[in-house]
Amino acid sequence: MTKWVLKSFLGVFLLGAAALAYTPVTMPNGSTLAWKMVNGVKEYRLTVEEFEHEFTPGFKAKVWGYNGQTPGPTIEAVEGDHIRILVTNKLPEATAVHWHGVFLPNGMDGVQGLTQTGIGPGETFAYTFTLKQHGTFMYHSHGDEMTQMGMGTMGFFIVHPKKEPYKINRDFAIFLNEWSIAPGTAKPNPNVMTDFNTFTFNSRVFPGTDPLIVKKGDRVRIRFGNVGQESHPIHIHGHAFRVVATDGGDVPASAQYPDTTVVVFPGQTRDVEFIANAPGDWPLHCHRRHHPMNAMGHEVPNMLGVNQGGTEEKIQKLVPDYMAMGETGMHEMSEMSDHMEGPDNTVPMMAGEGPFGAIGMGGMFTIVKVRETLKSYNEDPGWYPHPKGTVSELVSPVKK
Ligand SMILES: [Cu+2]
C-alpha cells in the first residue's frame, strides 16, 4: 500500500505538477490523494479504517476515516476525467461511499442497500465514472451514516474546470465538523445529537489548526464542506468575500454579493473568494459562540459576578478536577491553563498564545496571514509586524 502511494505520488509529481492546468488545492492539516493513470483512467485508492488522530498536541482519539486521515485525503480531478476509485473496507462493519454532488450513473452513487451491496469488512469495491461537471463536492459513508460519519468518514472531492476562467493564487479547502469526545476518553461518541464539545477545521482544533498563508493581492478561494450535525457561520476578519459556488454549481456573477460570514449547513459546500488586500493576522472562525472554543462542561453554574473566595479549593478536596466558571468571565482560564493541570487527553477550553498574550480561543479558529512579501507559502511568516502607530494602545492607567 505504502509503496503504491509513494509510486503514484511520484507519478503525480512527475507527470502532473508541470502540466497542471489549475492551482492545486491546499488542505490545511491535510493532504491530497495520489492517483495513477491506468489505461486512460485516473485511479485512486481509499481505505476506510480506524486509527488514532491528533486534534491538537495533547489531544488524540481513535476515529474512523480514509487512508489514516479524517477528513480523508482530498480527491482532485479535472472535468472530463475518466476516474476509478477503489475503496477497501477495514472497518468492522459494511460501508459504502457516496460521492456527494457528483453527477454519475445511479449505480455508482454509493448508497448501501439502495444502489449497491455494502462493502463488507475486508472487501474492495470499484467506483468508475466520468466527471461531467466541476466544483467542490464531498465523499462520505452512506452505510450506517450516523456512526461512521460521527467517527469521521468524510472528505473533499474537488473537480477543476477544464480551463480556469481566471487565475486563483491560493485555493484552500476546510472541512467543518463537530464531535463529542469526553475529556479523558479515547473515542468520539457518535450517539450524541446536540451537545458536542469539539469543533474542528479539517478535524483539528485551535491552536492545532494550520494558518492560511497568502500574499497581499492574491486571489484566494476557500472551499468549505459540512456533512455534520450542525450549521457553521464562518466569518473572516479584515476582508469581505463572495460565495462563488455551491455543490450545485457556480453562482452567476450577477447573483453574488459581498459578505463577511457564510453559513455552511450540513450537506453543503460553499466556495468563497476574496482579494487579500489587507496585510495582517486575520481570524477565520465559526461565529457561533461555543464553536471557536475547546471542550468545556456545559452544566457549569453561572458564576459571573459571584465572589467565590476559597469555594473552588474546598470543592476540589472532594472532586479533584472541579473547576468553577471564572467570576470575572472565562478569560482567566486561558491565562491559568499554562500552569494548571486539566484532565488527561483534552485541551484547555481557551488556548493559543499570541504576540500580545493569551488568544483565548479554540475549536473552529485559524489565522489568515496576509503579507506584503513571503519567502514561501509553506513557511509560517510569524506574527504580523504592525506599522508604527497602528496598534490599539492604553491611553489611561487601569485602576486595580
Ligand atoms: Cu460552528
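**Group meeting: a walk through the model**

Let me start with one pair: V97 has S141 in β8 as its bridge partner. Before going on, a word of caution: this is a predicted model, where local features need pLDDT of at least 70, side-chain atom pairs count only at pLDDT 80 or more, and totals for chains, interfaces and linings use all residues. Residues are numbered from 1 along each chain as its sequence is written.

Back to that pair. β6 runs antiparallel to strand β8 (residues 135-141), with four bridges between them. Strands here are DSSP runs of E, at least two residues, and helices are runs of H or I, at least four residues, numbered from the N terminus. Two strands count as paired if DSSP finds at least two bridges between them.

Which sheet do they sit in? The order is β4-β9-β8-β6, an open sheet of four strands with mixed pairing. At its edges are β4 and β6 (97-100), each pairing on one side only. Neighbouring strands are turned by 20° against each other on average, direction ignored; the axes are lines fitted to C-alpha atoms, for helices over the stretch in contact, and angles run from 0 to 180 degrees between N-to-C directions.

There is also an open sheet of five strands, again mixed, in the order β12-β23-β20-β14-β18. Its edge strands are β12 (212-215) and β18 (261-264), each paired on one side only. The twist from one strand to the next averages 20°. Inside it, strand β14 (residues 232-236) pairs with β18 in the antiparallel sense over four bridges, and H235 stands opposite T261 in β18.

Zooming out, the chain comes to four helices and 23 strands. How confident is the predictor? The mean pLDDT, its confidence in each residue from 0 to 100, is 90, and 88% of residues reach 70 or more. Over residues 1-18, though, pLDDT is below 50, and beyond near neighbours in sequence this stretch has 10 contacts in the model. A contact means C-beta atoms, placed from the backbone, within 7 Å.

Now the interior. Of the 400 residues in the chain, 38% are buried, meaning 20 or more other C-beta atoms within 10 Å (12 or fewer is exposed, in between is partly exposed; C-beta atoms are placed from the backbone). The largest nonpolar core has 78 residues, and those with the most contacts inside it are I75, F157, I174 and V368. Strand β10 (residues 170-179) gives the most to this core, with six residues. By a core I mean buried Ala, Val, Leu, Ile, Met, Phe, Trp, Tyr and Cys residues joined through C-beta atoms within 7 Å. Leaving out residues up to four places away in sequence, I174 touches P28, F201, N202, I222 and F224.

Finally, some backbone oddities. Most residues other than glycine have a negative phi, and most peptide bonds are trans. N29, in the loop between α1 (2-16) and β1 (36-38), has a positive phi of about 60° although it is not a glycine. N29 counts as buried because it has 20 C-beta neighbours inside 10 Å. N67, with a positive phi of about 50°, is found in the loop between β3 and β4. That loop also holds P71, and a cis peptide bond joins T70 and P71, with omega about -10°. Another cis bond joins F206 and P207, with omega about 15°; P207 lies in the loop between β11 (198-201) and β12.

Notes: Two residues are in contact if their C-beta atoms, placed from the backbone, lie within 7 Å. pLDDT is the predictor's confidence in each residue, from 0 to 100.
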